[in-house]
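Thanks for coming. I will take one structure and go through it piece by piece, so please keep it open while I talk.

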Amino acid sequence: MSTTTHDEDVRAQLAELLPRLRRFARVIARNVHDADDLVQVAVEKALTRAAQWRPGSRLDSWMFSIMKNAWIDEVRARGRRERVHAPEEAGLGVGDASAAARDIALSVQAAMARLPEEQRMAVALVLVEGLSYKDAAEALEIPVGTLTSRLARGREALQALLDPGGGSP
Amino acid sequence: MKFSDEMLMAYADGELDAGTRAEIEASMARDPEVARAVERHRAMSLRIRAGYESIAQEPVPDRLAALVAGTAAAPVVDMASKRAGRGSKTARWRVPPWAAVAASVVVAVVGVLLMRGTAAPYEEVDGVLVARGPLDEALTTELASRPSDAGVGIGVSFTDREGNFCRTFHLRQDTPVAGLACRSGAAWELRVLADAPVEDGEVRPAGAMPVPVLEAVDAAIDGEPLDAAAEAAARDAGWRKARNVAE
C-alpha cells in the first residue's frame, strides 16, 4: 500500500469519526471551545503520525488515546495555574436537541462533570463510546483491572447523583 | 454464589465469558435483588449514552472537517494561547503540509453536515427512556422494515422472559444508532442504544445489529423471534403482554 493511499484511508476514517471525537472531547474538556481545540490538536498529531496506525486496527481507540495524552499534556502545560473550567461555563453540549432530550443531556453532563477526570474518561469510553474494557484500558494505557474499578466508582457516583434513593436497598 | 457489584456491572456491559454469564443469569433468576442490580447498571449505561447523543448529532465545525479533509489552511492550535486569545483575533495561521491532498472526503463530510437532527426520538420518564415521535410510531405500527422516510427501521420482534414484546430498531440520523425497545404498559422502553455503522452510505439491513444490541437481545429473548404472522398479530393486538409470568 502506498503512503498516499494509507493517508487517505486515515483521513476518510477520521472524517467519519469526527462526531465521536468531539463527543469524547466534550466529556474531557467540558466546554465546547476547549473540546474542539482538543480534537484539532489530536487530529493534527494523528495526521503527522498516520504511518504509525496499522490498517485493520481500531482507529477510534488510537484517536482516544492521542486525545487523552494531548489533554494531559495540556493540563500539565497549564501548570494548574487555573482551575479547569467550571462545567457551567458555556460548556454543556445540548445542541439542537428537543426539550426532553435536553433535560437528559443536562442532568447527565452535569453529573459527569462532577466526576474525577480518570473516572469520566473510563465512563465515556465504555458507556458512551461503546468500547470493550480491553480497548478502553488500552486507549487509556492502564490495566483492565484499573479501568474496571474506575468505571465501577464512576458509575456508583453517577447513580448517587442522578438517581438518589434509587441505589442499593 | 454471591457476585460483587463490579461483576454484575461487567455482566451488564457484556464483558464476561459464557460460563460466568450463565452463573449470573441463574443467580438473577433466583434472586430478584440481583436482577434489579443488573437492571440498574443497564439503565444507567443507557442514560449516560443518551446524555451525550445530541453532541454526536451536531454539525462538525468547518475547521475540523477541513483539517481532516486537508483542504483548508488550518489554524495552528496551541490550546493555552488560543484560550488567551479567544475573543480577540489573534490566531496564527499557516498552510499545513497536507493542504494539497485530494478533497474527495469533503463530500462525505458535507453530506453529514446537511442532515440535521429532528425531534428527539426518546424522552426520560421516571428514570427510564421511552420512545417518542417517529420512533414510538414506528415501533407501534410498523412491521419489520428498512428505514422509512422518518428514518426508523424495525428489525426483529420477540417476547422477553417477562412476556413483554421487544423490537430492535435502526434510527437513521447523523450518527446512526440501533437499539432494543421493550413494551411496558403503553410505552416502548429503550433497553440499549449503540452506534450503528454505515456502509456505503446505507444503514445496514435491519437484521444486522451492532454487538451491544445483539447481546441485549440474547439476554432478554425467550425462545425464538416472532415470525411475520406472529409479529402482525402482536401489532394488531396492541403489543399487549403475551402472558403473565409468575414471579
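In chain B, β6(B) and β7(B) pair in the antiparallel sense, over six bridges. This is a predicted model, so everything I say is computed from predicted coordinates. Within that pairing, Phe169(B) stands opposite Gly179(B), which belongs to β7(B).

β6(B) has a second partner to look at. β5(B) and β6(B) also run antiparallel, and six bridges join them. One pair here is Gly153(B) with its bridge partner His170(B) in β6(B). The hairpin of β5(B) and β6(B) has five residues between the strands. In that hairpin Gly163(B) takes a positive phi near 90°.

Now the side chains of this strand. Which residues of β6(B) point one way, and which the other way? Phe165(B), Arg167(B), Phe169(B) and Leu171(B) point one way. Cys166(B), Thr168(B) and His170(B) point the other way. All of them, on both sides, are buried. Seven of the seven residues of β6(B) are buried, so the strand is largely enclosed by the rest of the structure.

Next, a helix that packs against these strands. Helix α8 of chain B covers residues 133–141, and Leu135(B), Ala138(B) and Leu139(B) in that helix are buried. Where do these residues sit around the axis? They cover an arc of only 95°, which means that they are on the same side of α8(B). What do the buried residues of α8(B) pack against? The answer is a list of strands in chain B: β3 (122–125), β4 (128–131), β5 (152–159), β6 (165–171), β7 (177–184) and β8 (187–195). So β5, β6 and β7, which I have already mentioned, are among them.

Back to Gly179(B) for a moment, by way of a proline. Pro210(B) lies in the loop between β10 (202–203) and α9 (211–220) of chain B. Pro210(B) and Gly179(B) are 31 residues apart in sequence, but their C-alpha atoms are 8.5 Å apart in space. If we leave aside its neighbours within four places in sequence, Pro210(B) is in contact with Ala178(B), Ala194(B), Asp195(B) and Ala196(B). Is this loop residue buried or exposed? The cut-off for buried is 20 or more other C-beta atoms within 10 Å. Pro210(B) has 21 C-beta neighbours inside 10 Å, so it counts as buried.

Some backbone angles next. Most residues other than glycine have a negative phi. Two residues in this model are worth finding with that in mind.

Trp239(B) is not a glycine, yet its phi is positive, about 60°. Trp239(B) is in the segment after α10 (228–236) of chain B. With 20 other C-beta atoms within 10 Å, Trp239(B) is buried.

Glu141(A), in the other chain I will discuss, has a positive phi near 60° and is also a residue other than glycine. Its place is the loop between α6 (133–140) and α7 (144–162) of chain A. Why does Glu141(A) count as exposed? Exposed means 12 or fewer other C-beta atoms within 10 Å. Glu141(A) has 10 of them, so it is exposed.

There is also a glycine with a positive phi to point out. Gly70(B), just after α5(B), has a phi of about 70°. In that helix, which covers residues 62–69 of chain B, the buried residues include Leu64(B), Leu67(B) and Val68(B).

Now a place where the chains touch. Helix α5 of chain A (residues 117–128) and helix α3 of chain B (residues 32–51) have axes that come within 9 Å and cross at roughly 95°. The two helices are therefore roughly perpendicular to each other. Val123(A), Leu127(A) and Val128(A) make the contact from α5(A), and Ser45(B), Ile48(B) and Arg49(B) make it from α3(B). By type, the residues of this contact are four nonpolar, one polar and one charged.

Last, the totals for each chain. Chain A has seven helices and zero strands. Of the 169 residues in chain A, 46% are buried. Among contacts in chain A with a separation of 6 or more, 62% are between residues 24 or more positions apart.

Chain B has 10 helices and 10 strands. Of its 247 residues, 39% count as buried. In chain B, residues 24 or more positions apart account for 51% of the contacts with a separation of 6 or more.

That is what I have for today.

Terms used: Residues are numbered from 1 along each chain as its sequence is written. Chains are lettered from A and ligands numbered from 1 in the order in which they are written. This is a predicted model: local features need pLDDT of at least 70, side-chain atom pairs count only at pLDDT 80 or more; totals for chains, interfaces and linings use all residues. Helices (H or I, at least four residues) and strands (E, at least two) are DSSP runs, numbered from the N terminus. The arc is that of the directions from the helix axis to the C-beta atoms. Two residues are in contact if their C-beta atoms, placed from the backbone, lie within 7 Å. Axes are lines fitted to C-alpha atoms, for helices over the stretch in contact, and angles run from 0 to 180 degrees between N-to-C directions. Angles under 35 degrees count as roughly parallel, over 145 as roughly antiparallel, 65 to 115 as roughly perpendicular and the rest as oblique. Ala, Val, Leu, Ile, Met, Phe, Trp, Tyr, Cys and Pro count as nonpolar, Asp, Glu, Lys and Arg as charged, and the others, Gly among them, as polar. Two strands pair if DSSP finds at least two bridges between them.
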